[in-house]
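Me: Please put the model up. I have some questions about how its terms are used.

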Amino acid sequence: MKNRKKNKILVTGGTGYIGSHTIVDLIDNGFDVISIDNYMNSSPDVLDNIEAVTGVRVKNYNADLVNYSATKGVFEDNKDLIGVIHFAALKAVGESVEKPWEYFYNNINGLLHILKCCKDFKVPNFIFSSSCSVYGNTQQLPVTEDTPLQDAESPYARTKQIGEEIIHDFAKAHPQFNAIALRYFNPAGAHESAKMGESPTSNASNLVPVITGVAIGKREKVTVFGADYDTRDGSCVRDYIHVMDLANAHTKAMQYVMKKQNKKNYEIFNLGLGQGATVLEAIKAFEKASGQKLRYEIGPRREGDVVAIYANTERATQVLGWQPKRNIEDIMRTAWAWEQARSIPA
Ligand code: NAD
Ligand code: WQD
């Protein structure tokens, strides 16, 4: 029998895209999970989806992390937490350029409040959702964790750079606290069951939801943002990582700090597939996985896009023992199955 009390994790942003898939992987690995999410970018239905997949009803506290007393109340209610995985944040790069204050207010206050609770309630293990956007417009490929960070290209990216710095200094001052920042590249795909996946807003602009949105008929065609770059086919290169592989990295990182295998009390890991795919290759992978042709056109470059970025993930492989099991076709197959499943009227 597992000792449930010893394995209780708080996931913030637990009804969001990556948080919900991580909850499934944590439950599959014997953890007890609670969540905080105020549904500002998700809905309570996700708790039903998690239950449909795992058979477990996860308790979510509908609390805003910016509200310190509400956040503290969750820790008072759960004095047996062993760790926190902090996903909750605003994440739309373009919107952050329009609304920088909202991004700093939400993402930085949320982080500060969670860290204060970890300190006051002596919760020793902490994982932070960071992003490849901290690297800025880097020329050094593949990107390792030691690649120097360039200026942030957006207020969103700056909240991640500042977040990492806050955790760095906090961990230095609190030697018993173990923190990990995971820098995700391009998360995509859905759970194999097609019972849960990404539910982006209608104006979402990430490539994979755009592709499945076109295939299902919600959008007319995919516009490839530039095919005149200096890459193998002229379109931009990214490192697409399956959300369930990403989810499992959180479980592995939590087990790693719980077993005190970490050498320093703040460590950083890249999470990607470790190889790049162009936009046109992503479209081909979708066509292969779905067996259908996709309507697309070559359009102008999108402002702010880097030409190419992909990860060196050796550190996560060697230190955490993490290995992605799915490739870009698996991403497209599962994203497509989820798009079809959620488009069927109930
Ligand atoms: P998401 O928007 O689907 O999930 C975030 C969740 O946090 C949402 O359910 C939202 O309601 C909740 N939330 C936000 N602010 C909150 C607050 N103040 N109080 C309570 N709940 C709040 O996003 P996601 O794609 O699952 O991303 C999770 C994390 O990973 C974020 O920190 C994001 O910046 C980071 N990340 C995402 C990507 C990506 O492409 N999806 C890439 C790199 C990093
Ligand atoms: C992928 C590629 C586009 C849509 C963003 C954030 C990053 C991280 C991950 C949070 C690019 C091309 C896209 C379309 C296209 N998030 N594209 N037509 O911009 O790499 O990364 O999400 O931390 O910080 O910036 O992701 O999915 O928008 O684009 O040609 O309709 O697809 O140009 O090359 P991006 P994306």
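Me: What makes the lining of the second largest pocket nonpolar, polar or charged by class, and how many residues fall in each?
Reply: The class follows from residue type: Ala, Val, Leu, Ile, Met, Phe, Trp, Tyr, Cys and Pro count as nonpolar, Asp, Glu, Lys and Arg as charged, and the others, Gly among them, as polar. On that rule the lining has five nonpolar, one polar and six charged residues. Among the lining residues are Glu145, Lys263, Arg315, Phe269 and Gln261. This is a predicted model, in which local features need pLDDT of at least 70 and side-chain atom pairs count only at pLDDT 80 or more, while totals for chains, interfaces and linings use all residues. Residues are numbered from 1 along each chain as its sequence is written, chains are lettered from A and ligands numbered from 1 in the order in which they are written, and side-chain values use heavy atoms, with hydrogens and water left out.

Me: Which element gives the most to that lining?
Reply: β11, with four residues. Strands are DSSP runs of E with at least two residues, helices are runs of H or I with at least four, and both are numbered from the N terminus. β11 (266-271) and α10 (314-320) are the elements that give two or more residues.

Me: What makes the contact of Asp37 with ligand 1 a polar one?
Reply: A polar contact is a pair of N or O atoms within 3.5 Å; within protein, one must be able to donate a hydrogen and the other to accept it, and residues adjacent in sequence count only if both atoms are side-chain atoms. A polar side-chain atom of Asp37 lies 2.6 Å from an oxygen atom of ligand 1, so the pair meets the cut-off. Backbone N or O atoms also make such pairs with ligand oxygen atoms, at 2.8 Å for Ile18 and 3.0 Å for Met40.

Me: How much of ligand 1 does the protein bury?
Reply: Taken alone, ligand 1 exposes 820 Å², and the protein buries 95% of that. The areas come from the Shrake-Rupley method with a 1.4 Å probe.

Me: Which elements give two or more residues to the shell around ligand 1?
Reply: α1 (17-28), β5 (125-131) and α6 (155-173). The largest share, three residues, comes from β5. By class the shell divides into twelve nonpolar, ten polar and four charged residues.

Me: Why does the radius of gyration of the protein chain agree with a compact globule?
Reply: The radius is taken over C-alpha atoms, and the globule rule is 2.2 Å times the number of residues to the power 0.38. With 346 residues that rule gives a value near 20 Å, and the protein chain has 19 Å, so the two agree.

Terms used. 1 Å grid on protein atoms, 1.4 Å probe; cavity = no way out; pocket = protein on both sides within 12 Å on 5 of 7 lines; lining within 4 Å.
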